[in-house]
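Visitor: I should like to take a close look at a single part of this protein. Would you please guide me through the sheet and what surrounds it?

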Amino acid sequence: MLFEPPYALLDRWFPDGAVLSVERLDGGTVNNVFRVETPRGVFALRVAHLASTLEATLGEHEWVTHIGARLPE
């Protein structure tokens, strides 16, 4: 079964309430990753598995930020 983020949570994460589209991205093995399009831009939304710790999530965010700064797109 594919996970779909609850729209109440999308409204909390994107408070302008103008989520234009949500598309699940392939490739996540443990977490669910979505492409969320809003009038303010396109975002990648990662929904962590419930067993994730705050420390693990922050460490992954730091790693993705480091790698993202070195990618052309």
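Guide: What follows describes the sheet, then one residue in it, and then the largest pocket. The model is a predicted one. Its open sheet has 3 strands in the order β1-β2-β3, and the pairing is antiparallel. Because β1 (21–24) and β3 (41–47) stand at the edges with a single partner strand each, one side of each has no neighbour in the sheet. On average, and with direction ignored, neighbouring strands of this sheet are turned by 25 degrees against each other.

Strand β2 comprises residues 32–38, with Asn32 among them. Is Asn32 buried or exposed? Asn32 has a relative accessible area of 17%, and because buried means under 20%, Asn32 counts as buried. The side chain of Asn32 also makes a polar contact of 2.7 Å with the side chain of Arg24.

Between β2 and β3, which run antiparallel, there are 7 bridges. One pairing involves Arg35, whose bridge partner in β3 is Ala44. Ala44 is also one of the residues that line the largest pocket.

This pocket holds about 370 Å³ of space. Besides Ala44, its lining includes Leu25, Val33, Arg46, Thr57, Glu60, His61, Val64 and Thr65. Both β3 and α2 (54–68) supply at least two residues of the lining, and α2 gives the most, with 5 residues. By class, the lining of the largest pocket consists of 4 nonpolar, 3 polar and 2 charged residues.

Definitions and conventions
Residues numbered from 1 in each chain as written. Predicted model: local features only at pLDDT ≥ 70, side-chain atom pairs only at ≥ 80, totals over all residues. Heavy atoms only, no water. Helix = DSSP H or I, 4+ residues; strand = E, 2+ residues; numbered from the N terminus. Buried < 20%, exposed > 50% of the residue type's maximum accessible area, 1.4 Å probe, protein only. Polar contact = N/O pair within 3.5 Å; in protein donor to acceptor, adjacent residues only side chain to side chain. Pairing = 2+ DSSP bridges. Axes fitted to C-alpha atoms, helices over the stretch in contact; angles between N-to-C directions. 1 Å grid on protein atoms, 1.4 Å probe; cavity = no way out; pocket = protein on both sides within 12 Å on 5 of 7 lines; lining within 4 Å. Points joined across faces, edges and corners; volume = space filled by probe spheres on them. Nonpolar A, V, L, I, M, F, W, Y, C, P; charged D, E, K, R; others polar.
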